[in-house]
Amino acid sequence: MRAADLPDDLERVLYSQEEVAHRIDEVAAVIDKDYAGRDPLLVGVLNGAVMTMADLCRAMKIHCHMDWMAVSSYGAGTRSSGVVRILKDLTTDIEDRDVLIVEDIIDTGLTLSYLVQNLRTRNPRSLEIMAMFRKPEAISAPVDVKYIGYDIPNEFVVGFGLDYAGRYRNLTDVATLAEHVYK
């Protein structure tokens, strides 16, 4: 689904499908270089990171492994609740592994901060973060993000895995959601 298919739901397109794909290729090339000779474990944060994880893995030229976690602090609203819950844990032991968390978006940073603390207790060899989108103006719990797709404005965005109440994840462009949709 493209932004043109939803003209009444979206305010403006921030990044087209083609721009996102190009940026994924650029980030993947840096990750390939940084992890050369290693097989990193990519930990995708469900559900939003599915699109980023799939495209990132396909763009990478090195071997990698994948696992998934589901962590929530949102519910159906547009703002983080601040209460973080692990809904699905890893099935892979990460002790002495090179772990790269793959996240769709960093909003307040609360969820990711909690996740990093949790994973560090499992003794990975290294632990880094890749986020496709980051809202610098919204961050209240800073986290060290090594790989960033785009910094975006502090607005509610959908597409490329980002949703509102479970909808818009399959939108291939990234766009701001019209206020009338969520008010």
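**Exercise 1. Find which residues of helix H1 meet which residues of helix H2, and describe how the two helices pack in this predicted model.**

Step 1. Begin with the contact itself: on the side of H1, the residues taking part are Ile24, Asp25, Val27, Ala28, Ile31 and Asp32, and they meet Thr52, Asp55, Leu56 and Ala59 of H2.

Step 2. Sort these residues by character, which gives 6 nonpolar, 1 polar and 3 charged residues in the contact of H1 with H2.

Step 3. Turn next to the geometry, remembering that two packed helices are described by the angle between their axes and the distance between the axes. Helix H1 spans residues 17-34 and helix H2 spans residues 50-59, and their axes come within 9 Å while crossing at roughly 60°.

Step 4. Name the arrangement: that crossing makes H1 oblique to H2. As for its hand, H1 passes H2 in a right-handed crossing.

**Exercise 2. Explain why Cys57 and Cys64 are not joined by a disulfide.**

Step 1. Recall that a disulfide is a covalent bond between the sulfur atoms of two cysteines.

Step 2. Take the distance: the cysteine sulfur closest to that of Cys57 belongs to Cys64, and it lies 4.0 Å away. Seen from the other side, the sulfur of Cys64 has that of Cys57 as its closest cysteine sulfur, again at 4.0 Å.

Step 3. Compare with the cut-off, which asks for sulfur atoms within 2.5 Å. The pair is therefore too far apart for a bond, and the structure as a whole holds 0 disulfides.

Step 4. Add the surroundings of each cysteine: Cys57 has a relative accessible area of 17% and is buried, whereas Cys64, at 24% relative accessibility, counts as partly exposed.

**Exercise 3. For two loop residues, Ser16 and Lys135, decide whether each is buried or exposed, and list what each one touches.**

Step 1. Place Ser16, which lies in the loop between strand S1 (10-15) and H1. Because buried means under 20% relative accessible area, the 17% found for Ser16 makes this residue buried.

Step 2. Look for its partners, leaving aside neighbours within four places in sequence, and Ser16 is found in contact with Arg2, Thr172 and Asp173.

Step 3. Place Lys135, which sits in the loop between strand S6 (126-134) and strand S7 (147-151). With a relative accessibility of 4%, Lys135 counts as buried.

Step 4. List the contacts of Lys135, again not counting residues up to four places away in sequence: they include Ile105, Ile106 and Asp107, as well as Ile152, Pro153, Asn154, Glu155 and Phe156.

Notes:
Residues are numbered from 1 along each chain as its sequence is written. This is a predicted model: local features need pLDDT of at least 70, side-chain atom pairs count only at pLDDT 80 or more; totals for chains, interfaces and linings use all residues. Side-chain values use heavy atoms; hydrogens and water are left out. Buried means under 20% relative accessible area, exposed over 50%, partly exposed in between (1.4 Å probe, protein chains only). Axes are lines fitted to C-alpha atoms, for helices over the stretch in contact, and angles run from 0 to 180 degrees between N-to-C directions. Helices (H or I, at least four residues) and strands (E, at least two) are DSSP runs, numbered from the N terminus. A crossing is left-handed if the near helix is turned anticlockwise from the far one by less than a right angle, and right-handed if clockwise. Contact means heavy atoms within 4.5 Å. Ala, Val, Leu, Ile, Met, Phe, Trp, Tyr, Cys and Pro count as nonpolar, Asp, Glu, Lys and Arg as charged, and the others, Gly among them, as polar.
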